[in-house]
Amino acid sequence: MASSSSTLSFFLFALFITLSHAQNSFRPKALVLPVVKDSATNQYVTSINQRTPLVPVKLVVDIGSRYMWVDCDDGYVSSTYRPALCGSAQCSLAKANGCGNCFSTPRPGCSNNTCGVSPYNPIIKTSTYGDLAADVLSVQSTDGSSPGQVVTVPRFLFSCAPTFLLKGLASGVKGMAGFGRTRIGLPSQFAAAFSLPRRKFAICLSTSTSSNGAIFIGDGPYVFLPGTDVSNLLTYTPLITNPVSTAGSYVQGEPSYEYFIRVKSIKVNENRIPLNSSLLSIDSEGIGGTKISSVNPYTILESSIYKAVTDAFIRETKLTRVAPVAPFGVCFSSKNMTSTRVGPAVPSIDLVLQNENVYWRIFGANSVVSVNDKVMCLAFLDGGSNPRTSIVIGGHQLEDNLLQFDLATSRLGFTSTLLFMQTTCANFNFTSNAS
């Protein structure tokens, strides 16, 4: 149960955002963002309209990051940019880590008497200081089956960042979109701005580098062509809190705002594999457990877990092994590979959750990847013997699966692959408006 202070904090934040949004009479049921896979980096990129006048801003999606940050050094021009003043409610909500002055001509990202936060780039594992600010943000509403009218938040909180923090991000990207469990993450800000009934968001990442997947903010339905409401397919498991932050920079005593689930065992071809079960739990120092990541392209396993999974996979498959192709450690000849509706015919991998009847099944479409026309590799990486997190479920394993994150009830809904239902995450209708 939330503490009274945290409940009051969110109420004040919701009031602040709602009042700043009061000129909009239309209240959407949900919002939708397009998201596309970048072919060069395997990062997932969305586009949000920001500033006055509005310009499209490309952002890498990081479901575990605490807020949105944008490069303000290179061409940020807006008549509605407002820095967050030291001691303001915005600074408190963002858990700002200090205040500063700009000893230069004031501009976006350089203002006097402004509180600062620490925007982080997980690709290069670098954090820096950035002004906290607010500006206009515009997105499309949805009825769950197609886009509706555009809606606007006049004072959406984000962090400015210097241009160098873009290093390692996809070409044309200007920052990162953080969906973490914070008061200024995208889900919480949008829920407050539009009085959405639940603080929920759902991601459906496409394998395609040319067709959009979708991110929904708000509750379902989530309808994909030819008319499948995939919210009816969800299985649920608790989201758990790591008591120690896993961020690149954080305040002492702050819990993690990333999304963790409790994996109790792993099966390959429905056979349980031997594991050190202590690695699957999070200890008092925040080490261990399983988290979901949209910035890691492939699932990363602690070394002993990796060995157990790969040994079992090799044992259960009839494919011929070939020399590994970096970054993968286990590869096969695709000469005699047969295909099914859910990808190559390879052994299934199950992440068993709160009990034996609740499991996330990973089929061939999500367990292996084609590196060329002759070689297929197991899309899991060896994370070493002492990683901070034992299992990091990466992007390839998320593709064509819909995941719903319910921040209010701390619950994850997941579908496993949509290929069984003869649809994909690229099948949301972005081309026509809701009536």
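Is Y67 buried or exposed? Select Y67 to begin: with a relative accessible area of 3%, Y67 is buried (buried means under 20% relative accessible area, exposed over 50%, and partly exposed in between, with a 1.4 Å probe and protein chains only).

Before proceeding, the basis of the tour should be stated. The model is predicted, so local features are given at pLDDT of at least 70 and side-chain atom pairs count only at pLDDT 80 or more, while totals for chains, interfaces and linings use all residues. Residues are numbered from 1 along each chain as its sequence is written, and side-chain values use heavy atoms, with hydrogens and water left out.

**Stop 1: the surroundings of Y67**

Y67 lies in the loop between strand 3 (55-62) and strand 4 (69-71). Helices (H or I, at least four residues) and strands (E, at least two) are DSSP runs, numbered from the N terminus. Display the residues in contact with Y67, where contact means heavy atoms within 4.5 Å. Apart from neighbours within four places in sequence, these are V117, S118, P119, S159, M176, A177, G178, I184 and G185. Next, add L186, which is 119 residues from Y67 in sequence, yet 6.5 Å away in space, C-alpha to C-alpha.

**Stop 2: I184**

Move to I184, in the loop between strand 12 (175-178) and helix 3. I184 counts as buried, at 2% relative accessibility. Leaving out residues up to four places away in sequence, I184 touches R66, Y67, L93, A94, L132, L157 and Q189. For a distance check, select T114: its C-alpha atom is separated by 17 Å from that of I184, and the two residues are 70 apart along the chain.

**Stop 3: helix 3**

Select residues 186-193, which form helix 3. Eight of the eight residues are buried, so helix 3 is largely enclosed by the rest of the structure. They are L186, P187, S188, Q189, F190, A191, A192 and A193. After helix 3 comes S195, whose phi is positive, near 50 degrees.

**Stop 4: the nonpolar cores**

A nonpolar core is a set of buried Ala, Val, Leu, Ile, Met, Phe, Trp, Tyr and Cys residues joined through side-chain atoms within 4.5 Å. Which residues touch the most other members of the largest nonpolar core? Select F179, F190, I292, W360 and F405, which do so within a core of 75 residues. Helix 4 (residues 303-316) gives the most to this core, contributing six residues. A second, separate core has 13 residues, including A202, C204, A214 and C425.

**Stop 5: backbone details**

Most residues other than glycine have a negative phi, and most peptide bonds are trans. Against that background, inspect the following places.

- T52 to P53: the peptide bond is cis, with omega near 0 degrees; P53 is in the loop between strand 2 (44-50) and strand 3.
- A326 to P327: a cis peptide bond joins these residues, with omega about 5 degrees; P327 is in the loop between strand 23 (321-322) and strand 24 (331-333).
- N42: phi is positive, near 60 degrees; N42 is in the loop between strand 1 (30-37) and strand 2, and counts as partly exposed at 22% relative accessibility.
- S410: phi is positive, near 55 degrees; S410 is in the loop between strand 33 (401-406) and strand 34 (411-417).

**Stop 6: V342**

Select V342, in the loop between strand 25 (339-340) and strand 26 (343-344). V342 counts as buried, at 8% relative accessibility. Beyond its neighbours within four places in sequence, V342 is in contact with F363, G364, A365, T417, L419 and F420. Adding C102 gives a pair 240 residues apart in sequence and 55 Å apart in space, C-alpha to C-alpha.

**Stop 7: the whole protein**

Finally, zoom out and display the protein as a cartoon. There are six helices and 34 strands. The radius of gyration, taken over C-alpha atoms, is 22 Å, close to the 22 Å that the globule rule gives for 435 residues, so the protein is as compact as a globular protein of that length. The globule rule is 2.2 Å times the number of residues to the power 0.38. Along the principal axes, the C-alpha atoms fill a box of roughly 65 × 50 × 40 Å. Of the 435 residues, 55% count as buried. Among contacts between residues at least 6 apart in sequence, 69% join residues at least 24 apart.
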